[in-house]
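Colleague: I should like a close look at a single part of this structure. Please take one helix and set out its form and its surroundings in a connected account.

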Amino acid sequence: MKGKMTKILIGALGFSDYKIYTYSFPDGHQVKSKFAVYAVAELIKPDLAIILLTEEAKTVIWEELEQELDKIQGMQSTAVDIPKGKESSEFWTIFDRIVQAIPSDAEVTLDITLGFRSIPILVLSVVSYLQAVRGVKISGIFYCAAEAVGREIEVKPIFDLSIFT
């Protein structure tokens, strides 16, 4: 008999000037934060949030996000250092670091909102690989389409793409 699967949220955080928005989910749930990944964590209440960060992003913004994530009772968070992903060797480094961060039999939710455009594709590829070799389950995929409604609109939709898992 298998034990309880560890619920993991994985997302990336880029180097940016984040603004506070109200993030709105399809079920009407809303969360106010600078970070879409926090809004997803608040909704799903994972055991662990894994945040992929370049050195620059970790230096500038990680502490603020970590403090926000610490508000979620019972959840741990960890930063995983990744290179910028400008060449294939860096993609393989990112691949290996994600593989090392996700345990067997985990239930993984992806927030694909932030980070360089290639990162969400790479994360989905790694988690798909881990489905086959470690029994990892993809339980959700979320994306905030902040630019779809314009910068001046304070409520940003988060799309639930879980139907594609």
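Modeller: The bend at a residue is the angle between two axes, one fitted to the seven residues ending there and the other to the seven starting there. By that definition, helix α2 in this predicted model has a kink of about 60°, centred on Ile61. The helix runs over residues 55-69, and its 15 residues reach 19 Å from the first C-alpha to the last, close to the 21 Å expected at 1.5 Å a residue.

Ile61, at the centre of the kink, is also one of the buried residues of α2, together with Ala57, Trp62, Leu65, Glu68 and Leu69. These buried residues pack against β1, β3 (30-33), α1 (36-44), β4 and β5 (76-81).

Two of the residues named above, Leu65 and Leu69, recur in the largest nonpolar core, which has 30 residues; they are among those that touch the most other members, along with Leu13, Phe35, Ile51 and Ile158. The elements giving two or more residues to this core are β1, β2 (21-24), α1, β4, α2 and β7 (137-144). The largest share, seven residues, comes from α1. In soluble globular proteins, nonpolar side chains tend to be buried together.

Ile51 shows how α2 meets the strands. Leaving aside neighbours within four places in sequence, Ile51 is in contact with Trp62, Leu65 and Leu69, and also with Gly11, Leu13, Val37, Thr78, Ala79 and Val80. Apart from the core just described lies another, of 26 residues, including Ile50, Val80, Ile119 and Ile138.

The contact between Ile51 and Gly11 has a counterpart in the strand pairing, where Ile51 in β4 is the bridge partner of Gly11. Strand β4 (residues 48-53) pairs with β1 in the parallel sense over six bridges. β1 also pairs in the parallel sense with strand β6 (residues 106-111), again over six bridges, and in that pairing Ile10 stands opposite Leu110. Six of the eight residues of β1 (residues 6-13) are buried, so this strand is largely enclosed by the rest of the structure.

β1 and β4, against which the buried residues of α2 pack, are also packed against by the buried residues of helix α4, as are α3 (88-101), β6 and β7.

Definitions and conventions:
Residues are numbered from 1 along each chain as its sequence is written. This is a predicted model: local features need pLDDT of at least 70, side-chain atom pairs count only at pLDDT 80 or more; totals for chains, interfaces and linings use all residues. Side-chain values use heavy atoms; hydrogens and water are left out. Buried means under 20% relative accessible area, exposed over 50%, partly exposed in between (1.4 Å probe, protein chains only). Helices (H or I, at least four residues) and strands (E, at least two) are DSSP runs, numbered from the N terminus. Two strands pair if DSSP finds at least two bridges between them. The expected span of a helix is 1.5 Å times one less than its number of residues. Contact means heavy atoms within 4.5 Å. A nonpolar core is a set of buried Ala, Val, Leu, Ile, Met, Phe, Trp, Tyr and Cys residues joined through side-chain atoms within 4.5 Å.
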